[in-house]
Amino acid sequence: MSSILPPAKRIWWKEPVEKLEVWWIVIAFLWALVLFFMMPYWHVFGKQNLSNEAYRISAEHFQRKTQEMVDKYTVRTETDQNIPVVQPPAGSDVYLIARLWQWWPILELEKDKTYRLHLSALDYQHGFSLQPENINLQIVPGYEMVVTITPNKSGSFAVVCNEYCGIGHHQMVSRMYVKQSDGENGNGHD
Amino acid sequence: MATTDSFRIDPRSGLQYHRQAETLIKVNAVAGVVFLLLGGILALLVSLTRVPGLHVLDAARFYMVLTAHGIDMLIFWLLFFEIAILYFCASTLLRSRLAAPRWGWLAFALMLIGAVTTNVAVFQGQSSVMMTSYAPMQAHPAFYLGLILFAVGGLIGCFIFLGTLVIAKAEKTYEGSIPLVTFGALTACIIAIFTIASGAIILIPTFLWSVGYVQHIDALMYRVIWWGLGHSSQQVNVAAHISVWYAVGAIVFGAKPMSEKVSRTAFLLYILFLQLACAHHLLSDPGLSSEWKILNTSYFMYFAVLASMLHGLTVPGSMEVAQRKKGYTRGLYEWLRKAPWGNPVFSSIFLSIIGFGFLGGISGVMMGTEQLNMLIHNTIYVPGHFHATVVIGTTLAFMGLTYFLLPSLFNREVAFSRIAQWQPYVFSAGMYTLALTLMGAGTLGVPRRHWDIGFSGTALPYEYPGAAYLMMTLMGISAVVAFIGGGMYIFVTVWSILFGKRLDEGQRQPRPTPLRLPVSEAIEGHGGGAGVLEARGTFALALVFLAAFVLYYFINWKYLGSVWGIN
């Protein structure tokens with residue numbers, strides 16, 4: 001007789017379902033299929049997908065690889081902590097370390113060029129949050145994530161930590177620069 | 001034993017309360033409300049600290065208070081109240097004695113000791129690790145120990161629920177199948193057991209790690225298993241509050257399910273697929289494949305979303321059918337206009353349904369989409385989403401149920417009925433706005449769990465757009481409104497229980513009167529299928545919901561398409 005009493009009809013599973021309910025089930029089911037197929041669809045036709053490339057890596061190893069890049073491509077340093085700004089060639093492997101409470105180094109990339117960005121954390125978990133693009137990735141210590149990125153806008157971007165990592169969490173913020181490609185200089189963008 | 005097994009027949013609702021169950025329901029519900037009060041005070045501190053330029057707490061206290069707020073609300077308040085609901089749905093609704101009441105007291109004691117232990121650990125300042133306590137960040141061992149004790153207590157509670165179902169069946173206290181609401185509670189119980197098992201698998205090694213017996217906890221493994229606890233516990237809430245929605249439909253309107261078959265199948269889909277949603281938290285993680293992410297985040301082709309969309313239609317739909325039977329048949333919405341809006345039991349539930357669907361449901365699917373997740377992962381959009389699901393959905397539904405339980409279970413008249421009448425509206429006004437502004441700020445990139453989005457004192461600060469600051473300020477204002485609304489609930493509830501007018505307790509009898517199916521009902525009754533479009537108002541509302549859903553979903557894909565290429 002009501003939802004808090006046993007079903008009035010013992011054989012309730014044979015009761016017919018009201019027409020509107022059937023319609024809603026059909027509509028909701030079709031919508032669920034759309035929701036589901038959007039994800040594989042975007043993997044084929046979209047340009048923003050996380051790669052499946054990841055490796056187990058020790059903090060020392062990742063630090064060493066990053067240091068090699070910094071040694072080769074540093075163009076200047078910034079802030080009184082002398083954080084190196086590196087300008088690796090287009091298409092190359094670039095590294096970004098997340099650690100308490102700093103991003104290291106600062107990357108300077110070219111617009112519309114593609115880079116293999118390696119991300120890892122040396123201590124706690126951190127969150128890579130690129131602003132104002134608002135791309136957000138989880139960085140897990142012991143794992144190296146590789147994503148291929150293609151900046152489609154130039155300018156100065158911020159890298160904010162958005163995974164709580166202790167008392168200095170809110171001070172963990174850095175930059176990523178994107179310059180116009182050589183061919184495009186003076187186009188008046190940015 | 002005759003006295004301990006006595007049953008009270010509540011003269012107002014006709015429900016039959018087993019004496020031991022009655023006491024256990026009361027203590028669990030009251031314990032829950034105490035943690036709601038604590039969590040609510042912490043909530044005010046958290047939100048005011050996040051208002052730009054206000055910073056009522058310093059950074060260290062903020063992270064500590066935020067940790068406590070999360071755990072007290074998401075775990076302690078909700079689970080205490082859910083244990084009360086489980087006992088109610090098994091013992092009271094089936095008119096059965098409660099299985100092993102002494103174990104019920106043990107469960108309660110363990111849960112209380114656990115909750116206090118974890119709180120003490122947090123407030124001593126050594127465990128500001130957030131509710132998620134992601135390894136390798138380490139809390140004091142007592143932090144994990146408290147959670148483990150609490151979980152063991154909860155598990156005992158679940159088995160008492162199951163045991164009571166067995167007793168009721170064996171002692172034939174009812175005929176036929178268990179009521180839909182009890183079926184929903186059973187769903188919640190099964191998910192809770194999965195949840196607690198996941199919690200044990202990850203928290204016990206983590207506890208051993210914190211005392212030095214285990215060398216290393218892999219950070220990614222921790223995330224995968226912890227979310228088996230963290231997300232599934234919220235699915236317990238969903239199953240529980242949807243059961244409460246159905247229960248209130250029955251209590252206020254005498255509503256019966258539009259179709260037992262559909263509603264029960266929807267609950268069954270929850271059991272089969274809802275827990276896969278643990279993957280929602282791992283969509284932007286390294287080391288998990290896209291196939292794994294897509295299959296799991298979609299609850300295997302969104303069958304759990306399908307289930308929620310069914311409940312979203314059938315709960316208000318069953319109310320509509322019941323109202324139309326009473327003669328409110330004019331137009332699409334006379335049934336809704338003439339609904340008892342001044343009755344907080346009803347208004348809480350209706351506001352809970354709308355907010356859960358429109359704000360919590362739509363945002364949840366958006367952020368649980370593999371690629372779209374990158375746009376909001378770890379931003380304050382996430383708390384925006386779950387304040388819509390867990391606060392508007394679950395907490396508000398539990399508040400509504402409380403207004404029914406005060407006279408029925410506690411035998412007290414609801415004190416300050418005027419305040420009680422307004423409470424759901426004040427609380428909803430605050431919470432709806434809070435959820436929306438948090439989501440707005442998150443869309444603009446504002447991180448969650450962050451003390452200072454102004455980055456003062458840093459060498460390379462970032463300035464969030466002005467709109468983000470505006471959102472965070474509005475968030476603070478709405479948090480104050482919600483705090484007042486929550487305060488009204490606690491005030492009315494506590495006052496009613498302590499000083500409220502005593503009502504007639506009703507008669508006691510040694511045995512329950514078994515539930516017997518009325519013969520006429522078993523033959524006739526609305527079964528649909530006749531082509532009468534009885535719930536057409538609800539159906540129209542559901543179509544509006546779907547339109548909003550589709551629009552918002554694709555707007556986010558468009559936005560994603562405009563950002564940097566990633567693959």
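Modeller: The radius of gyration used here is taken over C-alpha atoms, and the globule rule is 2.2 Å times the number of residues to the power 0.38. This is a predicted model, in which local features need pLDDT of at least 70 and side-chain atom pairs count only at pLDDT 80 or more, while totals for chains, interfaces and linings use all residues. Residues are numbered from 1 along each chain as its sequence is written, and chains are lettered from A and ligands numbered from 1 in the order in which they are written.

Colleague: What radius of gyration does chain A have, set against a compact globule of 190 residues?
Modeller: The C-alpha atoms of chain A fill a box of roughly 80 × 40 × 30 Å along the principal axes. A compact globule of 190 residues would come out near 16 Å, whereas the radius of gyration of chain A is 25 Å.

Colleague: In what order do the elements of chain A run from the N terminus?
Modeller: Helices (H or I, at least four residues) and strands (E, at least two) are DSSP runs numbered from the N terminus. Chain A has 2 helices and 12 strands, and their order is α-β-α-β-β-β-β-β-β-β-β-β-β-β.

Colleague: Which element gives the most to the side of chain A that touches chain B?
Modeller: With contact meaning C-beta atoms, placed from the backbone, within 7 Å, 81 residues of chain A and 97 residues of chain B take part. Elements giving two or more residues to the chain A side include β8 (126-131), β10 (143-150) and α1 (19-45). The one that gives the most, with 18 residues, is α1(A).

Colleague: Which residue of chain B stands opposite A:T150?
Modeller: Strands pair if DSSP finds at least two bridges between them, and β10(A) pairs with β4 (residues 565-566) of chain B in the antiparallel sense over 2 bridges. Opposite A:T150, in β4(B), stands B:G565.

Colleague: Which helix of chain B gives the most to the largest nonpolar core?
Modeller: Such a core is a set of buried Ala, Val, Leu, Ile, Met, Phe, Trp, Tyr and Cys residues joined through C-beta atoms within 7 Å, buried meaning that 20 or more other C-beta atoms lie within 10 Å of a residue's own. The largest has 257 residues, and among those touching the most other members are B:F80 and B:Y87. The helix that gives the most, with 24 residues, is α2 (residues 59-92) of chain B.

Definitions and conventions: Buried ≥ 20, exposed ≤ 12 C-beta atoms within 10 Å, placed from the backbone. Contact = placed C-beta atoms within 7 Å.
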